[in-house]
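Reader: I should be grateful for a close look at one part of this protein, namely a single strand and the sheet to which it belongs. Please extend the account afterwards to other local features that deserve attention at the bench.

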Amino acid sequence: MRVIKYPSREQWDKILTRPALDVEKLRATVNGVLEKVRTQGDKAVKEFELTFDKVQLPSLSVSDEEWAEAEALVDDELKNALALAHENIAKFHAAQQFSGQKVETQPGVTCWQKAVPIEKVGLYIPGGTAPLFSTVLMLATPAKIAGCKEIVLCTPPNREGKVNPAILMAARIAGVSKIFKIGGVQAIAAMAYGTESVPKVYKIFGPGNQYVVAAKQAVSLKDVAIDMPAGPSEVEVLADEASNPVFVAADLLSQAEHGVDSQVLLITTSESLIDKVQEEVERQLNLLPRKDLAARALENSQIVLVKNQEEMMEMSNAYAPEHLIISTSNYMELAEKVQNAGSVFLGNYSCESAGDYASGTNHTLPTNGYAKAYSGVCLDSFIRKITFQELTAEGIRRIGPAVEIMAANEQLDAHKNAMTVRLKSIEQ
């Protein structure tokens with residue numbers, strides 16, 4: 001990790017730049033796959049599965065036999081862990097349920113909102129370098145609570161044509177049964193356009209590699225909604241002399257092992273902490289099975305020494321991290337100053353891993369600075385709010401003249417007339 005001490009404000013933009021995703025270079029490949037799946041359906045999906053996932057699939061659906069096999073392959077220890085995580089995720093997201101209130105804005109003018117679920121949603125679950133069965137719980141659990149009628153899940157198969165059994169087990173616990181063995185761009189295309197096997201959905205959720213990100217962006221232009229723009233995963237740690245260097249190093253590495261394009265950032269006010277953290281990173285890195293991936297991610301990462309906590313928070317809010325860990329002695333005080341972040345972890349014991357798996361919060365979060373404008377996935381991500389209004393004769397009397405004046409001044413005479421004929425009717 002590169003160490004930068006007391007950078008000037010002019011250096012911040014360069015320091016906080018993420019590893020670039022050149023989506024334009026992928027565009028031709030991605031658009032070719034999208035168009036072929038759109039026009040040829042299952043046939044194209046199977047061809048791309050053979051090309052990209054190296055497997056010939058007689059059927060895209062997970063069979064009853066595969067479900068039973070997964071049940072037997074997943075041990076009780078993992079099943080219990082999944083059940084605990086599901087319970088906490090469900091509890092946290094159920095508490096977000098919307099309760100609309102009727103508001104009388106004027107006597108005789110009543111307005112309100114009603115929350116309705118998105119009827120058909122698609123979940124993409126990566127299964128490449130790491131099968132993210134935890135993401136099944138993060139997406140399917142709020143979808144079920146919201147009341148989505150159809151939940152479609154796509155995930156890449158292995159070279160034997162099978163889905164990771166833990167993904168299937170997580171899906172069963174979360175109540176999802178419509179699973180297709182499709183990965184990458186072809187999965188996004190199948191859910192966006194629909195095929196003979198895969199239903200078309202109205203919104204697609206889930207992380208993925210740069211091809212999946214590019215595909216989601218492409219289909220979101222006119223075909224289907226998506227959860228958020230997303231890129232490589234990232235974590236930022238804020239630390240001072242009270243922070244535990246062992247914990248800090250562990251947090252940095254837990255993010256770095258996601259992939260070579262992940263980024264980790266440590267901002268600290270303590271110069272003495274830097275050496276301790278670097279030593280711990282090196283020691284812990286050598287113990288990791290995925291150390292080669294993590295080591296390459298660390299090449300994109302840095303430690304920044306700043307003058308004070310005010311500067312620390314300004315830099316953090318400028319970066320807008322996906323995950324923000326505040327391990328300073330006064331973490332609650334700094335938490336009040338967080339403006340831009342996907343999910344925040346407070347104190348020495350709140351590791352990012354807790355939120356990734358089992359604390360209850362959602363781990364599908366905005367990356368690449370999008371936390372300045374986007375929230376992470378929550379119950380609201382799976383619902384729509386429809387507004388209603390009811391006007392009585394008294395309501396027309398109260399606001400009718402204002403509506404007429406505003407419509408006339410916008411030169412929209414038909415708008416004005418719609419109110420005028422009503423006003424005249426109640427004056428007779």
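Author: The account below begins with strand β5 and its sheet, then turns to a pocket, the cysteines and two backbone angles. The model is a predicted one.

The sheet in question is open and has 5 strands. Their order is β6-β5-β4-β7-β8, and the pairing is parallel. The edges are taken by β6 (178-181) and β8 (225-226). Each of these two strands has a single partner, so one side of each is left without a neighbour in the sheet. In the strand order, β5 stands between β6 and β4. In general, the strands of a sheet pair through backbone hydrogen bonds, in either a parallel or an antiparallel sense.

On one side, β5 (residues 150-155) pairs with β4 (residues 120-124) in the parallel sense, over 5 bridges. Two positions illustrate this pairing. Gly-122 has Val-152 of β5 as its bridge partner, and Leu-123 stands opposite Leu-153 of β5. On the other side, β5 pairs with β6, again in the parallel sense, over 4 bridges. Here Val-152 stands opposite Lys-178 in β6. Val-152 is thus a bridge partner of Gly-122 and also faces Lys-178 of β6.

The link between β5 and β6 involves a helix. Helix α7 (residues 165-174) joins with β5 and β6 in a β-α-β unit, and this unit is right-handed.

How many of the residues of β5 are buried? The count is 6 of 6, and the strand is mostly covered. Glu-150, Val-152 and Cys-154 point one way from β5, whereas Ile-151, Leu-153 and Thr-155 point the other way. Residues on both of these sides are buried, including Glu-150 and Thr-155.

A separate feature is the second largest pocket, which holds about 150 Å³ of space. Its lining consists of Asn-31, Leu-34, Glu-35, Arg-38, Tyr-193, Ala-218, Val-219, Leu-221, Lys-222 and Asp-223. Helices α2 (23-40) and α9 (210-219) each supply at least two residues of this lining. The largest share, 4 residues, comes from α2. Sorted by class, the lining has 5 nonpolar, 1 polar and 4 charged residues.

The cysteines may be considered next. The structure holds 0 disulfides. Cys-154 of β5 is buried. Cys-111, by contrast, is partly exposed, with a relative accessible area of 26%. Cys-351 is likewise partly exposed, at 29%.

Two residues remain to be described for their backbone angles. Most residues other than glycine have a negative phi. Tyr-6, although not a glycine, has a positive phi of about 50 degrees. Tyr-6 is found in the loop between β1 (2-5) and α1 (12-15). Its relative accessibility is 40%, so Tyr-6 counts as partly exposed. Asn-368 is also not a glycine, and its phi is positive, at about 60 degrees. The place of Asn-368 is the loop between α15 (352-357) and β14 (383-391). With a relative accessible area of 41%, Asn-368 is partly exposed.

How values were computed:
Residues numbered from 1 in each chain as written. Predicted model: local features only at pLDDT ≥ 70, side-chain atom pairs only at ≥ 80, totals over all residues. Heavy atoms only, no water. Pairing = 2+ DSSP bridges. 1 Å grid on protein atoms, 1.4 Å probe; cavity = no way out; pocket = protein on both sides within 12 Å on 5 of 7 lines; lining within 4 Å. Points joined across faces, edges and corners; volume = space filled by probe spheres on them. Nonpolar A, V, L, I, M, F, W, Y, C, P; charged D, E, K, R; others polar. Disulfide = S-S within 2.5 Å. Buried < 20%, exposed > 50% of the residue type's maximum accessible area, 1.4 Å probe, protein only. Right-handed = clockwise from strand over helix to strand, strands pointing away.
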